[in-house]
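User: Please take a close look at one strand of this model, going through its side chains and its partners, and then follow the description out to other parts of the chain.

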Amino acid sequence: MDFDCDVAIVGYGPTGLVLASALGKAGHRVIVFERWPGLYGLPRLTHIDGETARIIQSVGDIDHALRDAWPIPNYRYLNGAGELLVELDWHGDSCGYASHISMYQPDIEDAIDEQVRSTGHVEVNQGFAVVNVHQDDGHVQVTARPWTQSRTGQWSHAGEERTITAKYLVGADGANSFVRATLGIERIDHGVDDRWLNIDTQRLRPLPERFDRLTQFCDPARGHMWMPIGRGRQRFEVAVLPGEDQAVFERPDYAWTWLRDQCDLGPEDVKILRQVVYVFQARIARSWRTGRTFLAGDAAHTTPPYMGQGACSGMRDGITLGWKLDLVLRGLADEALLDTYETERRPHATAIAEMSIALGRIANTHDPDEAAARDEAFRTGNVPPPPQFPTLVAGVIHTPADGTPAPLAGTLAPQGIIGKGAAEGRCDDVIGGGFSLISRADARDVLSTDQTAFLDALGVRRACLAAGSPDSVTDIDGTYAGYLEQHGVDAFIGRPDFHLYWAGKIGELPAVVDGLRARLSWVAAPAQVEAGA
């Protein structure tokens with residue numbers, strides 16, 4: 001069968017952007033349909049973590065993406081009296097970046113969009129709505145037409161419909177996903193239905209230092225929060241209580257009155273960029289794959305914003321699905337590898353949603369007696385500590401005989417500054433993306449010819465801290481020597497989405513490499529790959 005593309009993507013928000021860039025860079029033909037005529041241009045997303053920054057690094061110009069960004073040291077929850085309830089410590093580094101970063105979303109989307117278009121393999125159709133999806137065992141057909149917000153007007157474009165055929169389809173088309181609805185996939189509703197007024201502003205002059213902190217005020221009378229959007233903008237949010245008319249909150253006079261009364265700010269301090277009421281929900285699709293069609297981002301999982309992780313989870317979907325589709329499309333791995341997408345991503349995204357729901361309960365306690373009991377529980381330490389951020393617990397990670405993840409497997413790999421020849425910079429930029437093998441000593445010394453050929457066919461980038469190896473690098477900032485020493489390991493294998501497949505002693509490597517080949521559902525012999533078969 002002739003295919004118009006390898007992968008069709010519906011939706012061109014952060015999830016679709018990451019996936020389109022990853023596949024385009026790998027040389028696969030991609031067609032994107034997005035109903036809006038251009039990039040959104042406003043900061044729905046205001047927070048990313050270090051892992052997400054590394055994802056952006058892999059699919060776009062990270063320096064442009066973070067040109068207005070700054071680190072966020074903590075996330076503070078205060079009660080109505082201003083007393084600290086809980087503080088999430090966000091200091092430190094992750095994946096070569098600050099652990100948590102305040103940034104301006106349009107800069108990120110522009111940086112990735114430019115990379116998408118520069119690959120020469122991605123066709124981006126903005127202003128097109130998908131109106132039909134049909135699939136069978138061998139292909140997916142997607143029909144789209146020019147989009148208008150008027151449902152009646154939509155039919156006027158029926159004569160301009162276009163149908164394309166793809167090997168795979170990814171619905172990254174948001175919480176109200178047309179693709180998900182067409183597939184008949186229902187969602188599990190976790191019972192969140194919070195409404196908050198969002199007021200995004202541009203700083204016209206320096207604001208008091210308190211606005212530089214990400215702060216949630218859990219006042220039962222009416223909660224609110226504020227946080228910086230990078231260096232030049234500021235977000236404020238105000239709870240809309242049950243039964244209240246949201247139209248009142250979207251009137252400009254409400255925002256200015258609230259900003260003056262609660263924050264002592266006026267038009268001389270900030271310019272309002274957007275004022276809209278959002279409904280926060282937590283819903284997880286019951287299935288993320290039907291045949292050749294996958295769901296990603298908000299189409300698969302919606303997460304309340306109380307951890308700032310909704311779009312981050314979507315971008316994780318994009319990078320993970322991207323490398324797995326790449327191996328299958330290149331004929332290196334069996335389609336069974338694609339089943340591990342949901343196996344890995346569902347528990348991870350669900351855990352983040354549950355953590356966000358728990359924080360949302362703190363922020364949305366409106367009954368004064370319940371709020372008083374909440375405050376006393378925090379004051380006396382009668383609340384459990386926040387759960388640890390999730391790691392991968394299944395899928396393409398190394399496991400011993402009992403099936404549990406090996407130590408460090410599924411956690412995030414470090415990224416430091418290295419030198420190799422005349423090149424110096426972030427490790428991913430110097431040695432390239434994809435799978436990586438970082439070791440104290442030359443891994444070739446313990447691997448067979450066949451195992452080395454498999455790693456080469458997989459495109460594993462190698463970096464050896466010892467001098468004299470063809471893969472020798474200079475560990476300029478000591479990140480890798482420090483990591484290996486801290487964990488008592490000699491080497492690790494990192495995945496293209498920056499989770500560790502394995503970390504351990506160099507003598508374990510031959511068996512680990514054989515296990516990786518099996519986990520990937522590898523079907524291509526290295527000789528066939530080298531011959532271009």
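Analyst: In strand E16, the side chains of Leu214, Gln216 and Cys218 point one way while those of Thr215 and Phe217 point the other way, and all of these residues are buried. Here buried stands for a relative accessible area under 20%, exposed for one over 50%, and partly exposed for anything in between, as found with a 1.4 Å probe on protein chains only. Strands (E, at least two residues) and helices (H or I, at least four) are DSSP runs numbered from the N terminus. This is a predicted model, in which local features need pLDDT of at least 70 and side-chain atom pairs count only at pLDDT 80 or more, whereas totals for chains, interfaces and linings use all residues. Residues are numbered from 1 along each chain as its sequence is written, and side-chain values use heavy atoms, with hydrogens and water left out.

In a regular strand, side chains alternate between the two faces of the sheet. Because 5 of the 5 residues of E16, which spans residues 214-218, are buried, the strand is largely enclosed by the rest of the structure.

The partners of E16 come next, where pairing requires that DSSP find at least two bridges between two strands. Strand E5 (residues 74-79) runs parallel to E16 and is joined to it by 5 bridges, with Arg76 having Thr215 as its bridge partner in E16. Strand E17 (residues 224-229) runs antiparallel to E16 and is joined to it by 3 bridges; in this pairing, Met225 of E17 is the bridge partner of Gln216. The connection from E16 to E17 is a hairpin of 5 residues.

Another buried strand residue is Thr293, which belongs to strand E22 (residues 293-295) and counts as buried because its relative accessibility is 0%. Its side chain makes a polar contact of 3.2 Å with the side chain of Gln135. A polar contact is a pair of N or O atoms within 3.5 Å; within protein, one atom must be able to donate a hydrogen and the other to accept it, and residues adjacent in sequence count only if both atoms are side-chain atoms. Once neighbours within four places in sequence are set aside, Thr293 is in contact (heavy atoms within 4.5 Å) with Gln135, Val140, Leu169, Val179, Leu183 and Trp288.

Turning to charged pairs, a salt bridge is taken as a side-chain nitrogen of Lys or Arg within 4 Å of a carboxyl oxygen of Asp or Glu, and by this rule the count comes to 42. In one of them, Arg316 pairs with Glu51, and the closest N and O atoms are 2.9 Å apart. This pair links distant parts of the chain, since Arg316 is in helix H9 (residues 310-329) and Glu51 in helix H2 (residues 50-59), 265 residues apart. Both Arg316 and Glu51 are buried.

A further salt bridge joins Arg283 to Asp189, with 3.3 Å between the closest N and O atoms. Arg283 sits in strand E20 (residues 283-285) and Asp189 in strand E14 (residues 187-189), so the pair ties together parts that are 94 residues apart in sequence. Arg283 counts as partly exposed at 22% relative accessibility, and Asp189 is also partly exposed, with a relative accessible area of 43%.

Helix H9 also supplies Lys324, whose salt-bridge partner Glu344 lies in helix H10 (residues 339-363), so this pair ties together parts that are 20 residues apart in sequence. The closest N and O atoms of Lys324 and Glu344 are 2.7 Å apart, and both residues are buried. Elsewhere, Asp442, Arg444, Asp456, Arg462 and Asp471 are linked in a network of salt bridges.

Glu344 is, together with Thr343, in contact with Ala394 when neighbours of Ala394 within four places in sequence are left aside. Ala394 is in the loop between helix H11 (368-379) and strand E24 (417-420), and it is partly exposed, with a relative accessible area of 27%. Its C-alpha atom is separated by 8.9 Å from that of Pro347, which is 47 residues away along the chain.

Strand E24, at the end of that loop, belongs to an open sheet of 3 strands with the order E25-E24-E28 and antiparallel pairing. Strand E25 (423-426) and strand E28 (474-475) stand at the edges with a single partner strand each, so one side of each is left without a neighbour in the sheet. E24 and E28 pair over 2 bridges, and Gly419 has Thr474 as its bridge partner in E28.
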